Structure formats: C-alpha cells, structure tokens
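Okay, thanks for making time, everyone. I'll put the chain up on the screen and then walk you through it.

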Amino acid sequence: MFTRTLVARSYFIRPLSAFRSIRSESVKKNFEPELEKPSTSERKNLVISRIAERVSDQRNRLFAIIYINRRQFKVSQDDIIHIHHNVPLDIGDKIKLEKVLMVGGKDFSIFGRPLLNPEHVTVHATVIEKTG
C-alpha cells in the first residue's frame, strides 16, 4: 500500500493581505497609467456634441415615445397613429406634441424625468384623417 504525504513549507505561505498590497502596487505601476479624468461639465459637453452629431445625420432613424390622451406611442418619421378620442382638430392641422417621454436612435437614448424639455425636443404631427 502506497501513501502520499503533503509537506507544506511555511515560507511559501504568505498572508493574503500582504499579497494584495504587493499586487495592487504592481498593477498600478504597470497596467494603470495615471489619466486625467475629465470634469463633469466636460463629459456633459462631450455627450451633447456626440448626440447632436448623430441627430444631424439624416441617415439615422430616430424615434420618440410620446404621451397623448393617457396613452404612450412610439413614433418615428412618417408613422401614423390613431387617437381614439374626439380631438378638436381639422384635417391638415399641424400640431406640436410636447409630452415627449424619450428620444432615441441606434446609438443613444435620452430619457425624461418624467418629460424631456420641450425646448430641446420637438415632435410635430399633421392630422391626415378624421372620422365620425
């Protein structure tokens, strides 16, 4: 019968805290270069400029979530929505939908709390049909 024994030598065993301190110092020196973090206003301006770039490109299809008569609609350019309530509008009237909950595209989404500012986001619609 063969038996194996394991001999542990104390000089191989280090406290875990000592290993972490050595490793964290070496990682900081070798792998994490000291980068200057941009300020909050710089990050905000960068995000705004990137979104403005995406919005100005006519090839990007944007969408919005709007709120009309206690219902939410996801709309995009040239979409048709059906409103079930009697609204005092005539055919051909152009309206501005000011209750915009969200705007997005392929690369970004902007959420309101609860609504987006009407000065920054506008959704226009035209009445094309009115029944009964």
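Let's start with a quick one: does Ser 76 count as buried or exposed? Ser 76 sits in strand E2, and its relative accessibility comes out at 17%, so it counts as buried, the cut-off being under 20%. Who does Ser 76 touch, leaving aside neighbours within four places in sequence? That would be Arg 61, Leu 62 and Phe 63. With Leu 62 there's a polar contact: a polar atom of the Ser 76 side chain lies 2.9 Å from the backbone oxygen of Leu 62.

Before going further, a word on confidence. This is a predicted model, with a mean pLDDT of 78 over the chain, and 73% of the residues reach 70 or more. The high point is E4, at a mean of 94, and the low point is helix H1, residues 16-30, at a mean of 50. Over residues 1-19 pLDDT stays under 50, and the model has two contacts beyond four places in sequence for that stretch. Where pLDDT is low, predicted coordinates shouldn't be read in detail. I'll spend my time elsewhere.

On to the sheet. There are four strands in an open sheet, ordered E2-E1-E4-E5, with antiparallel pairing. E2, residues 71-76, and E5, residues 109-111, are the edge strands; each has a single partner strand, so one side of each has no neighbour in the sheet. On average, neighbouring strands are turned by 20° against each other, ignoring direction.

Now the pairings. E1 and E2 run antiparallel and are joined by six bridges; one of the pairs puts Ile 65 opposite Lys 74 in E2. E4, which covers residues 100-104, is also antiparallel to E5, with three bridges between them. There, Gly 104 has Ser 109 of E5 as its bridge partner.

If you like checking backbone torsions, look at the hairpin of E1 and E2, which has two residues between the strands. Asn 69 is in that loop, with a positive phi of about 50° even though it's not a glycine. Arg 70, in the loop between E1 and E2 as well, has a positive phi near 65°. Why pick those out? Because most residues other than glycine have a negative phi, and most peptide bonds are trans. As for accessibility, Asn 69 is at 34%, so it counts as partly exposed, while Arg 70 is at 66% and therefore counts as exposed.

Speaking of peptide bonds, there's a cis one joining Arg 113 and Pro 114, with omega at about -5°. Pro 114 is in the loop between E5 and strand E6, which spans 123-126.

Last stop, the inside. How many residues are in the largest nonpolar core? Eleven, including Ile 66, Phe 73, Leu 97, Val 103 and Val 123. E1, E2 and E4 each supply at least two residues of this core, and E1 gives the most, with three. Another core member to click on is Val 121. Leaving aside neighbours within four places in sequence, Val 121 is in contact with Val 100, Val 103 and Leu 116.

That's the tour from my side, so over to you for questions.

Note on methods: Residues are numbered from 1 along each chain as its sequence is written. This is a predicted model: local features need pLDDT of at least 70, side-chain atom pairs count only at pLDDT 80 or more; totals for chains, interfaces and linings use all residues. Side-chain values use heavy atoms; hydrogens and water are left out. Two strands pair if DSSP finds at least two bridges between them. Axes are lines fitted to C-alpha atoms, for helices over the stretch in contact, and angles run from 0 to 180 degrees between N-to-C directions. Buried means under 20% relative accessible area, exposed over 50%, partly exposed in between (1.4 Å probe, protein chains only). pLDDT is the predictor's confidence in each residue, from 0 to 100. Contact means heavy atoms within 4.5 Å. A nonpolar core is a set of buried Ala, Val, Leu, Ile, Met, Phe, Trp, Tyr and Cys residues joined through side-chain atoms within 4.5 Å. A polar contact is a pair of N or O atoms within 3.5 Å; within protein, one must be able to donate a hydrogen and the other to accept it, and residues adjacent in sequence count only if both atoms are side-chain atoms.
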